[in-house]
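This report concerns a metal site and the ligand beside which it is described. Please examine the sequence and the structure before reading on.

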Amino acid sequence: MNDCIISASILNANYFDIKSDIQKLKEANIKWLHLDVMDGMFVQNISFGIPFIKNLKQNISSMVFDTHLMIEKPERYIENFIDAGSDIITFHYEATDDIKKCIDMIKSKNILAGISIRPVTPVEEIYEYIKDVDLVLIMSVNPGFGGQKFIEATYERVKKVKEYSLKIGKKIYIQVDGGVNKDNINLLIESGVNTVVIGSAIFKGNIVDNVNNIINSKR
Ligand code: DX5
Ligand code: ZN
């Protein structure tokens, strides 16, 4: 757990009082903020966009902005999300015809590049890109909404990505997103995850207590 980074997804935070929610995340020693951008096309839902992230970053520069683009043709907006203050940009493998271009656009601005896959996409399909990225995000729910049930097949998918990255000698962040909580985090870490996205298990109820419970659940 000590080396597993928690990235807090603010999708279900209180946007009217986001300042106080973020203050609580800081109190709980959370360093990464996970920003779920949804366009109503790649996923059914619509969330927030560039001005929101820019404004947040201007006010909370100390946190790592982990932007998860669930949008069609992310190459159209990658530059804007970098300018808004993202430290990591993760786009979906299924959302673009030009994966290399997306990775190059992100890396050219010296921030970290991540590639994500839906639960239905075979993990093998992204192997060829692992050498070029800093992070692989394995979705453990169908992207679009917070509060969904964790898909158990994720553990095997994580193990495969971990094995492949070891095989090619590439150090990457292996991230899982969706339905993560204190009951599955240990097995995820054992499978090879080193960063987890957590939304409802942090924001439902007392934020500081929830984070502490998750951290203390480590075996
Ligand atoms: C889902 C998003 C997730 C989500 C996680 O499409 O990518 O980041 O907010 O929320 P929980 O932890 O509630 O599944
Ligand atoms: Zn996400």
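## Two buried metal donors

In this predicted model, His 68 and Asp 177 are both buried. Each of these residues supplies a donor atom to the zinc ion (ligand 2), His 68 through ND1 and Asp 177 through OD. The pair joins distant parts of the chain: His 68 belongs to strand S3 (residues 64-70) and Asp 177 to strand S7 (residues 173-177), 109 residues apart.

## The zinc site

The protein donors of the zinc ion (ligand 2) also include His 34 (NE2) and Asp 36 (OD). The four residues His 34, Asp 36, His 68 and Asp 177 place their donors 2.0 to 2.3 Å from the ion. Along the chain, the donors follow the spacing H-x1-D-x31-H-x108-D.

Why is the arrangement around the zinc ion (ligand 2) octahedral? The 6 donor atoms subtend angles of 68 to 167 degrees, and the arrangement is therefore octahedral. For six donors, this class requires opposite donors over 155 degrees apart and all other angles between 65 and 115 degrees.

## The surroundings of ligand 1

Ligand 1 is surrounded by 20 residues, the closest being Asp 36, Gly 144, Asp 177, Gly 199 and Ser 200. Asp 36 and Asp 177 are also protein donors of the zinc ion (ligand 2).

Oxygen atoms of ligand 1 take part in several polar contacts. One lies 2.3 Å from a side-chain N or O atom of Ser 200, and an oxygen is 2.7 Å from a side-chain N or O atom of Asp 177. At Gly 147, the partner is a polar backbone atom, 2.8 Å from an oxygen of the ligand. The protein covers 99% of the 380 Å² of accessible area that ligand 1 has on its own.

How values were computed:
Residues are numbered from 1 along each chain as its sequence is written. Chains are lettered from A and ligands numbered from 1 in the order in which they are written. This is a predicted model: local features need pLDDT of at least 70, side-chain atom pairs count only at pLDDT 80 or more; totals for chains, interfaces and linings use all residues. Side-chain values use heavy atoms; hydrogens and water are left out. Donors are N, O and S atoms within 2.8 Å of the metal (3.2 Å for Na, K and Ca); water is not among the atoms, so sites may look incomplete. Four donors count as tetrahedral if all angles lie between 85 and 135 degrees; four count as square planar and six as octahedral if opposite donors are over 155 degrees apart and all others between 65 and 115; anything else is irregular. Helices (H or I, at least four residues) and strands (E, at least two) are DSSP runs, numbered from the N terminus. Buried means under 20% relative accessible area, exposed over 50%, partly exposed in between (1.4 Å probe, protein chains only). A residue is near a molecule or strand if one of its heavy atoms lies within 4 Å of it. A polar contact is a pair of N or O atoms within 3.5 Å; within protein, one must be able to donate a hydrogen and the other to accept it, and residues adjacent in sequence count only if both atoms are side-chain atoms. Accessible areas come from the Shrake-Rupley method with a 1.4 Å probe; for residues, only the protein chains shown count as cover.
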